[in-house]
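Good morning, and thank you for joining this group meeting. Please have the sequence and the structure open, as I shall refer to both throughout.

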Amino acid sequence: MKSNPEVTGLFVVTTEIKEGNVINVTIKSNETNNTELENCVRRRIKRWKFPTNCSDSATISFGLNIQ
């Protein structure tokens with residue numbers, strides 16, 4: 001986003017959470033067609049923390065600069 005603030009599009013991401021830690025991130029859809037941004041999103045989500053009793057999967061959708 002810093003190198004290209006004009007990037008827009010929708011991301012759909014599936015995460016697997018085990019004992020509060022994100023153990024897997026799968027990009028289901030990336031309308032930005034920006035591989036560098038996709039890799040950054042994946043790395044950032046892997047840092048997310050949840051309560052230690054959380055073990056589940058979640059699908060998350062979010063848009064970038066969509067108006």
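Let me begin with a definition. When I speak of charges, Lys and Arg count as positive and Asp and Glu count as negative, while His and the chain ends are not counted. With that convention, the protein has 9 positive and 7 negative charges, and the mean positions of these two sets are 8 Å apart. I should also say at once that what you see is a predicted model.

I turn now to the overall picture. The protein contains one helix and three strands, and along the sequence these elements follow the pattern β-β-α-β. The C-alpha trace spans about 40 × 20 × 20 Å along its principal axes. The protein has 67 residues, of which 28% count as buried. The area that the protein exposes is about 4,800 Å², and carbon and sulfur atoms supply 46% of that area. Consider also the contacts between residues at least 6 apart in sequence: 64% of them join residues at least 24 apart.

Next, the sheet. In what order do the three strands lie in the sheet? The order is β2-β1-β3, in an open sheet with antiparallel pairing. The edge strands are therefore β2, residues 21-30, and β3, residues 56-64, since each of them pairs on one side only. Neighbouring strands of this sheet are turned against each other by 25° on average, if direction is ignored.

Strand β1 comprises residues 9-18, and nine bridges join it to β3 in an antiparallel arrangement. Two of the residue pairs may be followed on your screens. Val-12 has Ser-61 in β3 as its bridge partner, and Thr-14 has Thr-59 in β3 as its bridge partner. Towards β2, strand β1 is joined by eight bridges, and these two strands also run antiparallel. Here Lys-18 has Asn-21 of β2 as its bridge partner. The hairpin of β1 and β2 has two residues between the strands, and in this hairpin Glu-19 takes a positive phi near 50°.

Is strand β1 largely enclosed or largely open? Seven of its 10 residues are buried, so β1 is largely enclosed by the rest of the structure. The helix completes the arrangement of elements. Helix α1, residues 35-46, lies across β1, β2 and β3, and it runs at about 155° to β2.

I should now like to examine three residues in turn.

The first is Phe-11, which is found in strand β1. Phe-11 counts as buried because its relative accessibility is 0%, and buried means under 20%. Which residues does Phe-11 contact, leaving aside its neighbours within four places in sequence? Among them are Ile-27, Ser-29, Asn-30, Leu-37, Val-41, Ile-60 and Phe-62. The C-alpha atoms of Phe-11 and Lys-46 are 15 Å apart in space, and these two residues are 35 apart in sequence.

The second is Val-12, which also has its place in strand β1. Its relative accessible area is 17%, and Val-12 is therefore buried, given that the limit is under 20%. Not counting residues up to four places away in sequence, Val-12 touches Thr-26, Ile-27, Lys-28, Ser-29, Thr-59, Ile-60 and Ser-61. Ser-61 in that list is the bridge partner of Val-12 that I named earlier. Between the C-alpha atoms of Val-12 and Asn-34 there are 14 Å, with the two residues lying 22 apart along the chain.

The third is Ser-29, whose place is in strand β2. Is Ser-29 buried, partly exposed or exposed? Its relative accessibility is 26%, and because partly exposed lies between the limits of 20% and 50%, Ser-29 falls in that class. Not counting residues up to four places away in sequence, Ser-29 touches Leu-10, Phe-11 and Val-12. Ser-29 and Phe-11 are 18 residues apart along the chain, and their C-alpha atoms are separated by 5.5 Å.

To close, I return to the arrangement as a whole. In this predicted model, the strands stand in the order β2-β1-β3, and helix α1 lies across β1, β2 and β3. Thank you for your attention.

Key
Residues are numbered from 1 along each chain as its sequence is written. This is a predicted model: local features need pLDDT of at least 70, side-chain atom pairs count only at pLDDT 80 or more; totals for chains, interfaces and linings use all residues. Side-chain values use heavy atoms; hydrogens and water are left out. Helices (H or I, at least four residues) and strands (E, at least two) are DSSP runs, numbered from the N terminus. Buried means under 20% relative accessible area, exposed over 50%, partly exposed in between (1.4 Å probe, protein chains only). Contact means heavy atoms within 4.5 Å. Accessible areas come from the Shrake-Rupley method with a 1.4 Å probe; for residues, only the protein chains shown count as cover. The place of a charge is taken as NZ of Lys, CZ of Arg, CG of Asp or CD of Glu. Axes are lines fitted to C-alpha atoms, for helices over the stretch in contact, and angles run from 0 to 180 degrees between N-to-C directions.
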